[in-house]
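Here are a few exercises for getting to know a new structure. Try each task yourself, then read the solution.

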Amino acid sequence: ILGTLREHKESEAAAASTATTPPSSTVVLTDTDLALPLLHYNMDENKHAIPPNVQITTESLMWCSAAALSANKKYDWIIGSDLLYNVSSIPNLVTTIQHYLNPHHGRILLGVRWR
């Protein structure tokens, strides 16, 4: 799951500055503990393409785990790719997405290629 959380600016000065400066964003890349080394490698290989106003972090995430469902984070976007290879895990994915998605304006984008 890849999520972005845009920092919202409340002051008029901050709002005026966003007209010339893109808003800052935090992107959280997640995978299982076993896959995190590959995720870090891919981040390092592509860091040249990351805009300076984007901060990227990584976290371990097991769908529906106690740790995942106790986290108090909400995301504006949840983007996933190749997550639906095991149909029996879809209920856990849905529960995890419901937990993390911003209920007011959150969006989901999932890509899958059925094999």
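**Exercise 1.** In what order do the elements of the protein chain run from the N terminus on?

Before you start: this is a predicted model, where local features need pLDDT of at least 70, side-chain atom pairs count only at pLDDT 80 or more, and totals for chains, interfaces and linings use all residues. Residues are numbered from 1 along each chain as its sequence is written, and side-chain values use heavy atoms, with hydrogens and water left out.

*Solution.* Start with the parts list: the protein chain has 4 helices and 5 strands. Helices (H or I, at least four residues) and strands (E, at least two) are DSSP runs, numbered from the N terminus. Now read along the chain, and you get β-α-β-α-β-α-β-α-β.

**Exercise 2.** Work out which residues form the aromatic pair, and where they sit.

*Solution.* A search of the whole structure turns up 1 aromatic pair. Rings of Phe, Tyr and Trp (its six-membered ring) pair if their centres lie within 6.5 Å; planes under 30 degrees apart count as stacked, over 60 as edge-to-face and the rest as tilted. The partners are Tyr-75 and Tyr-100, with 6.0 Å centre to centre and 35° between the planes, making the pair tilted. Next, place them: Tyr-75 is in the loop between H3 and E4, while Tyr-100 belongs to helix H4, so the pair ties together parts that are 25 residues apart in sequence. Last, check the cover. Buried means under 20% relative accessible area, exposed over 50%, and partly exposed in between (1.4 Å probe, protein chains only). Tyr-75 is buried at 9%, and Tyr-100 is buried at 9% too.

**Exercise 3.** Look at the backbone of Cys-64 and Asp-82, and say what the phi of each one is.

*Solution.* Begin with the usual case: most residues other than glycine have a negative phi. Cys-64 isn't a glycine, yet its phi is positive, near 70°. You'll find Cys-64 in the loop between strand E3 (54-60) and helix H3 (66-70), and Cys-64 is partly exposed because its relative accessibility is 25%. Then take Asp-82, with a positive phi of about 55°. Asp-82 sits in the loop between strand E4 (77-81) and helix H4 (90-100), and its relative accessible area of 36% makes Asp-82 partly exposed.

**Exercise 4.** What share of the residues in the protein chain is buried?

*Solution.* Of the 115 residues in the protein chain, 25% are buried.
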